[in-house]
Amino acid sequence: MAKILKIYPDNPQENLINEVIKTLNNGGLIIYPSDTVYALGCNIFDIKAMEKLAQIKKIKLEKSKFSIICNDLSHLSDFTRPIDTSTFRFLKSHLPGPFTFILEANKSLPLAYKGHKTIGIRVPDHPIPQLIVEKLGHPIASTSIKDDDEIIEYSTDPELIAEKYDHLVDIVIDSGYGDNMASTIVDLTSGEPEIIRQGKGDI
């Protein structure tokens, strides 16, 4: 059964964040809030956790396109090819924020991402995922939680999310109601921003 931790953005308790970190380091899966929708996350360097994440999404890991959640832009060079000054300035002016930026991947990607030519980078404007990544010491893999309802695309109620994913994840972070609009996906691989999916963020 998933453990529900009530962690609020205005005062995230350090002991609860540490419990989340321990779970991630032990290969566990978490559900966490962001500046857009609630999302599933795990340690990008734990291949078994990544496989579990893919199973929940009913896709093969090698075909997955899980975003990488960072707490700032300092991890960019770990996963992406060198970017020019104008692209970096563009990223800096929009992050943290409700965007997923597609960039060219380098050859140092974690095992689960091997062979991927591009990678989606997120820096949510939300203290909880930022704190998790900061304390973990490296980014986490992430995918949005979709709803089975045809009208409501994304689940917003953490209690209902916890019920649905009770036996699939280890921790659900209840941070109050989430948003129901996902991030805007922007492809930067050509040098010019191309909106792939319009979401909460405006370019």
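# A walk outward from strand 9

T100 stands opposite I185 in strand 9. That pairing is a handy place to start looking around this model, which is a predicted one.

Let's stay with strand 9 for a moment. It spans residues 184-187 and is covered on both faces. T184 and V186 are buried on one side, while I185 and D187 are buried on the other. Now look at the strand's partners. Strand 5 and strand 9 run parallel and are joined by 4 bridges. Strand 10, residues 194-197, runs antiparallel to strand 9, and here the count is 3 bridges. On that side, I185 has R197 of strand 10 as its bridge partner. Strand 9 and strand 10 form a hairpin with 6 residues between the strands. Within that hairpin, G191 takes a positive phi near 100 degrees.

Next, take a look at S183, which sits in the loop between strand 8 (171-174) and strand 9. Is S183 buried or exposed? Its relative accessible area is 5%, so it counts as buried, the cut-off being under 20%. Its side chain also reaches that of T100, through a polar contact of 2.8 Å. Leaving aside neighbours within four places in sequence, S183 is in contact with residues including T36, P98, F99, R122, R197 and K200. Some of those names will come back below.

Now for the aromatic rings. How many aromatic pairs does a search of the whole structure find? The search finds 2. In one of them, F90 and F101 meet edge-to-face, 5.8 Å centre to centre and with 75 degrees between the planes. This pair links distant parts of the chain: F90 belongs to helix 4 (residues 85-94) and F101 to strand 5 (residues 99-104), 11 residues apart. F90 is buried at a relative accessible area of 18%, and F101 is buried at 0%. F101 also pairs with F99: the ring centres are 5.5 Å apart and the planes are at 20 degrees, so this pair is stacked. Both F99 and F101 are buried. Put together, the ring pairs link F90, F99 and F101 into a cluster.

F90 has other company too. Leaving aside neighbours within four places in sequence, F90 is in contact with F101, L188, P193 and I203. For a sense of distance, try K22: 68 residues from F90 along the chain, with 34 Å between the two C-alpha atoms.

Moving on to helix 5 (residues 127-136), you'll find I128, P129, I132, V133 and L136 buried. Why do these residues lie on the same side of helix 5? They cover an arc of only 130 degrees around the axis, and that puts them on the same side. What do the buried residues of helix 5 pack against? The list is helix 1 (14-25), strand 2 (30-32), strand 4 (67-69), strand 7 (140-144) and strand 8. Right after helix 5 comes G137, whose phi is positive, near 95 degrees.

Charged side chains are the last stop. Side chains of opposite charge can pair when their charged atoms come close. A search of the whole structure finds 5 salt bridges, and three of them are worth a visit.

One joins the side chains of D174 and K6, at 2.9 Å from N to O. This pair links distant parts of the chain, with D174 in strand 8 and K6 in strand 1 (residues 3-6), 168 residues apart. D174 is buried, with a relative accessible area of 6%, whereas K6 counts as partly exposed at 42%.

Another brings back R122, a contact of S183. Its side chain meets that of D35 in a salt bridge, again given as 2.9 Å from N to O. R122 lies in strand 6 (residues 118-122) and D35 in the loop between strand 2 and strand 3 (39-43), so the pair ties together parts that are 87 residues apart in sequence. R122 and D35 are both buried.

The third stop involves K200, also in contact with S183. K200 forms a salt bridge with D179, and their closest N and O atoms are 2.9 Å apart. K200 lies in the segment after strand 10 and D179 in the loop between strand 8 and strand 9, so parts 21 residues apart in sequence are tied together. K200 is partly exposed, with a relative accessible area of 34%, and D179 is partly exposed at 24%.

Methods: Residues numbered from 1 in each chain as written. Predicted model: local features only at pLDDT ≥ 70, side-chain atom pairs only at ≥ 80, totals over all residues. Heavy atoms only, no water. Phe/Tyr/Trp six-rings, centres within 6.5 Å; stacked < 30°, edge-to-face > 60°. Helix = DSSP H or I, 4+ residues; strand = E, 2+ residues; numbered from the N terminus. Buried < 20%, exposed > 50% of the residue type's maximum accessible area, 1.4 Å probe, protein only. Pairing = 2+ DSSP bridges. Polar contact = N/O pair within 3.5 Å; in protein donor to acceptor, adjacent residues only side chain to side chain. Contact = heavy atoms within 4.5 Å. Arc of directions from axis to C-beta. Salt bridge = Lys/Arg side-chain N within 4 Å of Asp/Glu carboxyl O.
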